[in-house]
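Take a look at this protein with me. We'll wander through a few spots in its chain and end at a metal site.

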Amino acid sequence: MSARDHIRALPKAELHLHIEGTLEPDLAFRLARRNGVELPWADEAALAKAMDFSDLQSFLDVYYQAMAALRTPADFADLMDAYLTRARADGVRHAEIFFDPQVHIGNGVAFDDVVDGLLEGWRSHTDVSGGLIMCFLRDRGPEAAADLLAAARHRAGDLIGVGLDSAEVGNPPEPFADVFAQARGLGLRAVAHAGEEGGPEYVWGALRALGAERIDHGIRVLEDDALVGELVARQVPLTVCPLSNVRLKAVAGHAAHPFPELLARGLKVTVNSDDPAYFGGYLAANFECLDDAFGLQPQTLATLCRNSIEASFAAPERQAELLAELGAAAQ
Ligand code: ADE
Ligand code: ZN
């Protein structure tokens, strides 16, 4: 079996994936036509051309505008179905999927339509376990986050957890402490983007103020030895997204990615795809990017897949099932 086939064959979990970041240009234009929505690009090629990003904000500007195509439960179902079909081909057997309801609500879409559609699109994918993580947009502030949680609490049973995303620098985690505490009180798990463009202080804030159980990205943690020590001691997972970091210029290029050092320091690294429609590939492509840059030994590949399963919020029995499958497939 080639290394590429081996990557796809191993069972794994995807823990950092924004469902709106799987909106491929052809689907965006198909849905926009279906809904009579005009997108700010002439056609698919123009949207694809707009995907030359200089940083996180330049990506977010395009990403939020493209979301205008998504209006009905059927749109969200089509989006989820397309993603899970692709993910399954890459060996994804468990997925914890972010969504950004504040944008959809701003577009006039009811929160329940978003959740209903996403869950409907999952229905036929019975061999991929997992669920939804509702993200607060940090650049809209803590009051807007509290409003979202109030609007969502009747669906808490349909969510796994809450996350914090969008423009990081200048929007630290601490003001979101209360809304995260409320969410945790509803039984929701807590994760947060931190250390993507922001420094180690954002990661400390995510841990201390939000009670984040995983750090999304975390590539800048190496700048703070005490932080690395804390993350290693507690084995707090990092959901690393190599293609995203390269395309948003959070790192200087593939070979400059801190992945080898993150692993070498004993951090619990997982590999994820973030916004694959925008960054050049789904989960297997992110593993391939690391393999091209650093050469992934079979044992490292198996460790990364194991980490993803152990870092997930899947029930212990499901984790054990996937770990057993991984053990058999990694022979
Ligand atoms: N929303 C979607 N992708 C994101 C990323 N990489 N960082 C922050 N917010 C996001
Ligand atoms: Zn992300």
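Lys249 sits in the loop between α12 (242-247) and α13 (259-264); helices here are DSSP runs of H or I with at least four residues, strands are runs of E with at least two, and both are numbered from the N terminus. By the way, this is a predicted model, where local features need pLDDT of at least 70, side-chain atom pairs count only at pLDDT 80 or more, and totals for chains, interfaces and linings use all residues. Residues are numbered from 1 along each chain as its sequence is written, chains are lettered from A and ligands numbered from 1 in the order in which they are written, and side-chain values use heavy atoms, leaving out hydrogens and water.

What's odd about the backbone? Most residues other than glycine have a negative phi. Here are two that don't, with their relative accessible areas (buried means under 20%, exposed over 50%, partly exposed in between, with a 1.4 Å probe and protein chains only):

| Residue | Phi | Loop | Relative accessible area |
|---|---|---|---|
| Lys249 | positive, near 60 degrees | between α12 (242-247) and α13 (259-264) | 52%, exposed |
| Ser166 | positive, about 80 degrees | between β4 (159-165) and α9 (177-185) | 5%, buried |

Now for a helix pair. The axes of α2 (residues 25-35) and α5 (residues 73-89) come within 11 Å and cross at roughly 165 degrees. Axes are lines fitted to C-alpha atoms, for helices over the stretch in contact, and angles run from 0 to 180 degrees between N-to-C directions. So α2 and α5 are roughly antiparallel to each other (that label needs an angle over 145 degrees). On the α2 side, Leu27, Arg30, Leu31, Arg34 and Asn35 make the contact, meeting Ala74, Asp75, Asp78 and Leu79 of α5; contact means heavy atoms within 4.5 Å. Buried residues of α2 include Leu27 and Leu31. Just after α2, Gly36 has a positive phi of about 65 degrees.

Which residues hold the zinc ion (ligand 2)? The protein donors are His16 (NE2), His18 (NE2), His193 (NE2) and Asp274 (OD), lying 2.0 to 2.2 Å from the zinc ion. For zinc, donors are N, O and S atoms within 2.8 Å of the metal, and since water is not among the atoms, sites may look incomplete. His18 lies in strand β1 (residues 12-18) and His193 in strand β5 (residues 189-194), so this pair ties together parts 175 residues apart in sequence. Both His18 and His193 are buried.

Notes. Donors = N, O, S within 2.8 Å, 3.2 Å for Na, K, Ca; no water. Parallel < 35°, antiparallel > 145°, perpendicular 65-115°, else oblique.
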